[in-house]
Amino acid sequence: MSTIAENIAKVGVRIREAAQASQRDFAKIGLLAVSKTKPAAAIREAHGAGLHDFGENYLQEALDKQVQLADLALTWHFIGPIQSNKTRPIAEHFAWVHSVDRLKIAERLSEQRPPELPPLNICLQVNVSGEPSKSGCQPDELAALAQAVTQLPKLRLRGLMTIPQPTDDIAMQRAAFARLRTLRDDLNLDLDTLSMGMSHDLEAAIAEGATWVRIGTALFGERDYKKT
């Protein structure tokens with residue numbers, strides 16, 4: 001078994017054990033493989049080991065990989081910050097966008113989604129930790145943004161995403177994820193998705209209701225940003 005396949009198996013065990021500990025259905029927790037900076041060959045290997053959903057942060061890198069992997073049945077998620085001039089290719093080439101944090105971006109994605117494609121699945125990114133350097137709308141802006149996005153014809157608002165301030169304190173991890181869950185529930189919009197939790201805190205995220213955990217390092221190893 002390859003290293004990537006071994007890592008996928010190990011992460012699967014972590015997800016299953018976390019689901020059992022929280023009395024949650026393992027089948028309702030998706031593993032989103034974060035493949036930014038990793039070559040197409042690594043994605044091909046991960047797909048061969050059973051993964052189908054891949055998250056990318058950098059648009060041109062992702063588009064290049066999509067061409068190289070066009071023979072595979074993959075579901076592509078865009079999870080990075082979005083500039084206005086990048087919305088068209090994102091609308092055209094992805095099934096999910098986890099990182100919408102303002103209405104202008106949502107409107108452009110809706111306008112530019114090709115009519116022959118199904119609605120684009122959207123998560124609104126929320127800055128639950130209040131970090132100035134982090135993307136995401138502020139919690140007090142969320143309700144108005146969510147209501148506006150639900151009116152856009154080529155988008156399907158699925159839920160919320162967050163990248164909280166890193167910490168090894170399990171209680172603090174859970175508090176941040178619990179806040180996102182509460183924000184989602186308070187919207188009363190029949191949303192089914194919480195995109196939260198990464199390699200170091202997926203257990204806390206699952207305990208608080210994550211439906212997508214975004215895992216990169218634990219699957220593919222450390223990233224070498226010098227290559228990007």
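This section describes the strand order, the crossover connections, the largest pocket and selected backbone features of a predicted model.

The UniProt record, in an unreviewed entry, lists residues 30-223 as "domain: Alanine racemase N-terminal". Over this range the chain is 37% helix and 20% strand. The C-alpha atoms at the two ends of the range are 22 Å apart.

The account of the strands begins with β1 (30-34). Strand β1 runs parallel to β2, and two bridges join them. Within this pairing, Ala33 stands opposite Phe54 of β2. Together with α2, the strands β1 and β2 form a β-α-β unit of right-handed sense. Strand β2 covers residues 53-56. Its side chains are divided between two directions: Asp53 and Gly55 point one way, whereas Phe54 and Glu56 point the other way. All four of these residues are buried. Such a division follows a general pattern, because side chains in a regular strand alternate between the two faces of the sheet.

Strand β2 is also paired with β3 (residues 75-78), in the parallel sense and over four bridges. Two residue pairs illustrate the register. Glu56 is placed opposite Phe78 in β3, and Gly55 has His77 of β3 as its bridge partner. The chain passes from β2 to β3 through helix α3 (residues 59-68), in a β-α-β crossover that is right-handed. Strand β3 is in turn joined by two bridges to the parallel strand β4 (residues 96-100). Here the bridge partner of Phe78 is Val97. Phe78 of β3 thereby appears in both registers, opposite Glu56 of β2 and as the partner of Val97 in β4. Helix α4 (residues 87-93) carries the chain from β3 to β4, and this crossover too is a right-handed β-α-β connection.

A further set of pairings involves β5, β6 and β7. Strand β5 (residues 120-125) pairs with β6 in the parallel sense over six bridges. Leu157 in β6 is the bridge partner of Ile122. Strands β5 and β6, with helix α6 (residues 142-149), make up a right-handed β-α-β unit. Strand β6 itself spans residues 155-161 and is mostly covered, with six of its seven residues buried. Three bridges connect β6 to the parallel strand β7 (residues 193-195). In this pairing Leu160 stands opposite Leu194 of β7. The path from β6 to β7 leads through helix α7 (residues 170-187), and the resulting β-α-β crossover is right-handed.

The empty space was examined next. In general terms, a probe the size of a water molecule, rolled over the atoms, shows where such space is left. The largest pocket holds about 280 Å³ of space. Its lining consists of 16 residues, of which Val34, Lys36, Met198, Thr217 and Arg223 are the closest to the pocket centre. By class, seven of the lining residues are nonpolar, five are polar and four are charged.

Lys36, one of the residues closest to the centre of this pocket, also carries an annotation. The UniProt record, again in an unreviewed entry, places the feature "modified residue: N6-(pyridoxal phosphate)lysine" at Lys36. Lys36 lies in the loop between β1 and α2. Its relative accessibility is 14%, so Lys36 counts as buried, the cut-off for this class being under 20%.

Two residues other than glycine were examined for their backbone conformation. Most residues of this kind have a negative phi. Thr37, although not a glycine, has a positive phi of about 70 degrees. Thr37 is located in the loop between β1 (30-34) and α2 (40-48). With a relative accessibility of 14%, Thr37 counts as buried. Asn188 also has a positive phi, near 55 degrees. The position of Asn188 is in the loop between α7 and β7. Asn188 counts as exposed because its relative accessibility is 68%, and the exposed class begins over 50%. The two positive-phi residues thus fall in opposite accessibility classes, Thr37 being buried and Asn188 exposed.

Definitions and conventions: Residues are numbered from 1 along each chain as its sequence is written. This is a predicted model: local features need pLDDT of at least 70, side-chain atom pairs count only at pLDDT 80 or more; totals for chains, interfaces and linings use all residues. Side-chain values use heavy atoms; hydrogens and water are left out. Buried means under 20% relative accessible area, exposed over 50%, partly exposed in between (1.4 Å probe, protein chains only). Two strands pair if DSSP finds at least two bridges between them. A crossover is right-handed if, with the strands pointing away from the viewer, the path from the first strand over the helix to the second runs clockwise. On a 1 Å grid over the protein atoms alone, a cavity is a set of points where a 1.4 Å probe fits but cannot get out, and a pocket is an open set with protein on both sides within 12 Å along at least five of seven lines; lining residues have an atom within 4 Å of a point. Grid points are joined across faces, edges and corners, and a volume is the space filled by probe spheres set on the points. Ala, Val, Leu, Ile, Met, Phe, Trp, Tyr, Cys and Pro count as nonpolar, Asp, Glu, Lys and Arg as charged, and the others, Gly among them, as polar. UniProt positions are given in the numbering used here, feature names are shortened, and annotations may be inferred rather than shown by experiment.
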